[in-house]
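Here is a friendly walk through one protein model, written for someone who likes to know where the strands sit and where the empty space lies. Have the viewer open as you read.

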Amino acid sequence: MDFSATSNIQLLVLDVDGTIAGKSNTISAKVKQAIFAVQARGIQVAIATGRMYRSALRFHQEIRSNLPLIAYQGAWIQDPVTQKILSHLPVSEHAALKLLDYFEQPELRQLLSVHFYIDDQLYVREITEETALYAQRSGINPIPVGDLRPFCHRKPTKILALCDDKSVIEQLLGNLRRQYTPAELYLTTSVATFFEATHPLANKGLGVRYLAEEVLGLQSANVMTVGDNFNDAEMLQYASIGIAMGNAPEGVQRLAQWVAPDVEEDGVAVAIEKFLLS
């Protein structure tokens, strides 16, 4: 790749899970030091995550970012300093009801834990084992409500279906991509066991573009992004330097200009040192 492009970078955008946070669910000292070093050079650093805003906030604070936080794959962008929500693109009531109908088919109902995110709260039918593990890692308290149908009119920011069996999620994604066009819903996986649905204009690529161009007055040539999964694809393609983690699926690595070491090997710190500090 053209290393002269690295001198133009003014914004670094990082995913959380699998990128700056691995199994420990924390940011290592080495990664933090690298982030602080680029900030000292005048490069701004932001977070773009599929996580809830409230769940992502501690990472945003830990890297001392003063930029808006891109949460829910870009469906929710909020400035933690002013508390102002700059952009919110929820799933329509009609789409939420249709997805719920699909998830509640007898053969799927027993396999899936369904999550509705409304007003930065997590609503679930019941607290399954998968939901309990998810809530623990996210540091949030899910609200069990039984039937999710009455909540569809409140337009969820994101809808998530979890299943331990990766093949179920793969099949789900394939089937629903045949039923919905990209103009109707944005469908992706953030990890192999998480199916995610958001508003058609809510993805990390458009979220990063909004932050760069509308908020900061920059262009894609000024942006470097780092991510590890299919929900990072659009932001890796938008940036002039898109970096995939060593733990990213092969399909994601192929979209990147460079592949960093694994998250457990502080890959983000290595990428920062190579492209922005050398």
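What follows covers a parallel sheet, then the pockets and the cavity, and finally one loop residue. Please keep in mind that the model is predicted.

## The five-stranded sheet

Let's begin with the sheet. It is open, has five strands in the order β2-β1-β12-β13-β14, and its pairing is parallel. The edges are taken by β2 (44-47) and β14, and each of these has a single partner strand, so one side of each is left without a neighbour in the sheet.

Strand β12 covers residues 223-227. Five of its five residues are buried, so β12 is largely enclosed by the rest of the structure. Its side chains can be sorted by direction: Val 223, Thr 225 and Gly 227 point one way, while Met 224 and Val 226 point the other way. In a regular strand the side chains alternate between the two faces of the sheet.

On one flank, β12 is joined by four bridges to strand β1 (residues 11-14), and the two run parallel. Within that pairing, Leu 11 has Val 223 of β12 as its bridge partner.

β12 also pairs with β13, again in the parallel sense and over four bridges. Two contacts help to place this pairing in the viewer: Val 226 has Ile 243 in β13 as its bridge partner, and Gly 227 stands opposite Ala 244 in β13. To get from β12 to β13, the chain passes through helix α8 (residues 233-238), and this β-α-β crossover is right-handed.

Strand β13 itself spans residues 241-244, with Ile 241 and Ile 243 pointing one way and Gly 242 and Ala 244 the other way; all are buried. Two bridges then join β13 to β14 (residues 258-259), which run parallel. Here Ala 244 stands opposite Val 259 in β14. Ala 244 is therefore a handy residue to click on, because it stands opposite Gly 227 of β12 and Val 259 of β14, within a sheet where β14 is an edge strand with a single partner.

## Pockets and the cavity

Now for the empty space. Rolling a probe the size of a water molecule over the atoms shows where empty space is left. The table puts the three spaces side by side.

| Space | Volume | Lining by class |
|---|---|---|
| Largest pocket | about 740 Å³ | nine nonpolar, ten polar and 14 charged residues |
| Second largest pocket | about 260 Å³ | nine nonpolar, three polar and two charged residues |
| Largest cavity | about 30 Å³ | two nonpolar, three polar and two charged residues |

Where does the largest pocket lie with respect to domain 1 and domain 2? Domain 1 (11-88 + 202-277) and domain 2 (93-198) both give residues to its lining, so the pocket lies between them. The lining has 33 residues, and those nearest the centre are Asp 17, Arg 137, Val 191, Thr 193 and Phe 194. At least two lining residues come from each of α5 (129-138), β9 (158-162) and β11 (194-198). The largest share belongs to α5, with five residues.

The second largest pocket is lined by 14 residues, with Arg 177, Tyr 186, Leu 187, Thr 188 and Glu 234 nearest its centre. Two or more lining residues come from each of α6 (166-179), β10 (186-189) and α8. β10 gives the most, with four residues. This lining, too, draws at least three residues from each of domain 1 and domain 2. Helix α8 thus links two parts of this report, because it lies on the right-handed crossover from β12 to β13 and also gives residues to this lining.

As for enclosed space, the structure holds one cavity of 30 Å³ or more. Around the largest cavity are Leu 112, Ser 113, Val 114, Arg 125, Glu 126, Thr 128 and Thr 131.

## One loop residue

Finally, take a look at Glu 184, which sits in the loop between α6 and β10. Is Glu 184 buried or exposed? Glu 184 is partly exposed, with a relative accessible area of 39%, a value that falls between the cut-offs of 20% for buried and 50% for exposed. Glu 184 and His 199 are 15 residues apart in sequence, and their C-alpha atoms are 7.4 Å apart in space.

Technical notes: Residues numbered from 1 in each chain as written. Predicted model: local features only at pLDDT ≥ 70, side-chain atom pairs only at ≥ 80, totals over all residues. Heavy atoms only, no water. Buried < 20%, exposed > 50% of the residue type's maximum accessible area, 1.4 Å probe, protein only. Pairing = 2+ DSSP bridges. Right-handed = clockwise from strand over helix to strand, strands pointing away. 1 Å grid on protein atoms, 1.4 Å probe; cavity = no way out; pocket = protein on both sides within 12 Å on 5 of 7 lines; lining within 4 Å. Points joined across faces, edges and corners; volume = space filled by probe spheres on them. Nonpolar A, V, L, I, M, F, W, Y, C, P; charged D, E, K, R; others polar. Domains from an automatic or database assignment.
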